[in-house]
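Here's a quick briefing to read with the structure open beside you. Have a look at the picture first, then work through the points below.

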Amino acid sequence: MPQNPRPAAPARIAVIGAGAIGGYTAALAGWAGLDVTLCVRSPLPSLTVESGGDVRTAAVRIATDPARVAPVDWVLLTTKAQDTSGAEGWLRRLCGPGAAVAVLQNGIDQEERVASLVPRGTGILPTVVYISAERTAPGRIRHHVASELHVPEGPLGTRFAAVFDGTGLRVHPVRNFATAAWRKLFTNLAANPITALLQQRIGALAHPEMVALTRDLLSEAAAVARAEGADLGDEDITRTLELYATAPADGGSSMLYDRLAGRPMEQEFITGAVVRAGERHGIATPLNGMLLTLLRAVDRELRGEWPAGVARSARGGGAPPSAAPDGA
Ligand SMILES: NC(=O)C1=CN([C@@H]2O[C@H](COP(=O)(O)OP(=O)(O)OC[C@H]3O[C@@H](n4cnc5c(N)ncnc54)[C@H](OP(=O)(O)O)[C@@H]3O)[C@@H](O)[C@H]2O)C=CC1
Ligand SMILES: CC(C)(CO)C(=O)C(=O)O
């Protein structure tokens, strides 16, 4: 028996995406001594995270080319859901034998989104993200509140929780993951579309009219969630309203940040997931449907797909055409 066995090598982690969630989770893992490679689409000199008044540079290696990375133990996929297929090059290089991918994305179909993009036999861990963070500039992340992930109970979830033990990121394996995913979706169904459409922060949801609208949106979604097999009830609606009421008023949502930065939004995977599931079960979702239609209109503008003359910017900031001239 050797007298001084060598300590086990730190787990090798690759995080795909250097946005709010990727940047924050990569930084926590790096500060805890894990071996972290941050896989980026847009090159960055470094990554800095601001949390609780502290500003620190993350201890991560930054990679820009999938051809130059080696297989790791865990891949954290943190792109927006609509960018999942664009990450295939990274996934195929990073997933060797024994590797697993944790999908840190909002919505309900995380596993299905990734299954065809990874080598056969790669473990896929859908992951519910309870973190509020914002990319304020390239390579600069502001952490607002919370550092929790929920994963399905089982060997993969246990392995994942063990890797992140002591990093500050709390990983909770949960028995009924479908319910956990829908419960998280509830927290997005009002916050994300409403903040993005209004371009206002979470504090906007505190007004009594917004509370009533949120309750109606979530009641509609609860019927769909139950039809999908999730165990959600009125207490989940109340819990979500409490969450909004106690969230920092100046926090936002990932959809608001996309709108403000002019990036495509995730509406098809959040509001769209409810509307599509409602259609499958013959359950009407008029409020969510209306939000989806409005979000799609904004998204077309963000993608530059508006017919000429229709975009908001084309109307300019001047007086409407019918306004009477000064002094008339
Ligand atoms: N922000 C939040 O508070 C929360 C977000 N979520 C969810 O987490 C997920 C991630 O959100 P968030 O971190 O906010 O998103 P961001 O937009 O902040 O970050 C996404 C990152 O993915 C990168 N990316 C996209 N495609 C690729 C690619 N092919 N290769 C490498 N990087 C790529 C983007 O690169 P580029 O810099 O080039 O745009 C960007 O840096 C979403 O599903 C969101 O809904 C969940 C809970 C809270
Ligand atoms: C709004 C929040 C932080 C959860 O409530 C979120 O999940 C998001 O920004 O997408």
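Is Ala146 buried, exposed or partly exposed? Ala146 is partly exposed, because 13 other C-beta atoms lie within 10 Å, a count between the 12 or fewer of an exposed residue and the 20 or more of a buried one. Keep in mind that this is a predicted model. The protein splits into domain 1 (12-175) and domain 2 (183-305), and the points below go through the domains, the core, one helix, the two ligands and a couple of backbone oddities.

**Domains and how they meet**
- The centres of domain 1 and domain 2, taken over C-alpha atoms, are 24 Å apart.
- Where the two meet, 13 residues of domain 1 are in contact with 15 residues of domain 2.
- On the domain 1 side of that meeting place, S8 and S9 each chip in at least two residues, and S8 gives the most, with 4 residues.
- By type, that same side of domain 1 has 5 nonpolar, 5 polar and 3 charged residues.

**The nonpolar core**
- The largest nonpolar core holds 87 residues, and Leu38, Val75 and Val101 are the ones that touch the most other members.
- Both domains take part in this core: domain 1 (12-175) and domain 2 (183-305) each put in at least three residues.
- If you want to trace one of those three, pick Val75: setting aside neighbours within four places in sequence, Val75 is in contact with Ala14, Ile16, Leu91, Leu94, Cys95, Ala99 and Val101.

**Helix H5**
- Helix H5 (177-189) has 13 residues and runs 18 Å from its first C-alpha to its last, close to the 18 Å expected at 1.5 Å a residue.
- H5 is largely enclosed by the rest of the structure, because 10 of its 13 residues are buried.
- Those buried residues are Phe177, Ala180, Ala181, Trp182, Arg183, Leu185, Phe186, Thr187, Asn188 and Leu189.

**Around ligand 1**
- Ligand 1 has 29 residues around it, and the closest are Gly17, Gly19, Ile21, Gln105 and Asn106.
- Helix H1 (20-31) and strand S8 (123-137) are the elements that give two or more residues to this shell.
- S8 has the largest share, with 5 residues.
- Sorted by type, the shell around ligand 1 comes out as 13 nonpolar, 11 polar and 5 charged residues.

**Around ligand 2**
- Which residues surround ligand 2? They are Asn106, Ser132, Thr187, Asn188, Ala191, Asn192, Ser253 and Ser254.
- The elements that supply two or more residues here are helix H5 (177-189) and H6.
- This shell has 7 polar residues, 1 nonpolar and no charged ones.
- Asn106 turns up among the closest residues to ligand 1 and also in the shell around ligand 2.
- Thr187 and Asn188, which help surround ligand 2, are among the buried residues of H5.

**Backbone oddities**
- Ala146 has a phi near 75°, a positive value in a residue other than glycine.
- You'll find Ala146 in strand S9 (residues 140-152).
- Gln199 also has a positive phi, near 55°, and it isn't a glycine either.
- Gln199 sits in the loop between helix H6 (191-198) and helix H7 (208-227).
- Gln199 counts as exposed, because it has 12 C-beta neighbours inside 10 Å, and the cut-off for exposed is 12 or fewer.

Terms used. Residues are numbered from 1 along each chain as its sequence is written. Chains are lettered from A and ligands numbered from 1 in the order in which they are written. This is a predicted model: local features need pLDDT of at least 70, side-chain atom pairs count only at pLDDT 80 or more; totals for chains, interfaces and linings use all residues. A residue is near a molecule or strand if its C-beta atom, placed from the backbone, lies within 6 Å of it. Ala, Val, Leu, Ile, Met, Phe, Trp, Tyr, Cys and Pro count as nonpolar, Asp, Glu, Lys and Arg as charged, and the others, Gly among them, as polar. Domain bounds come from an automatic or database domain assignment. Two residues are in contact if their C-beta atoms, placed from the backbone, lie within 7 Å. A nonpolar core is a set of buried Ala, Val, Leu, Ile, Met, Phe, Trp, Tyr and Cys residues joined through C-beta atoms within 7 Å. The expected span of a helix is 1.5 Å times one less than its number of residues.
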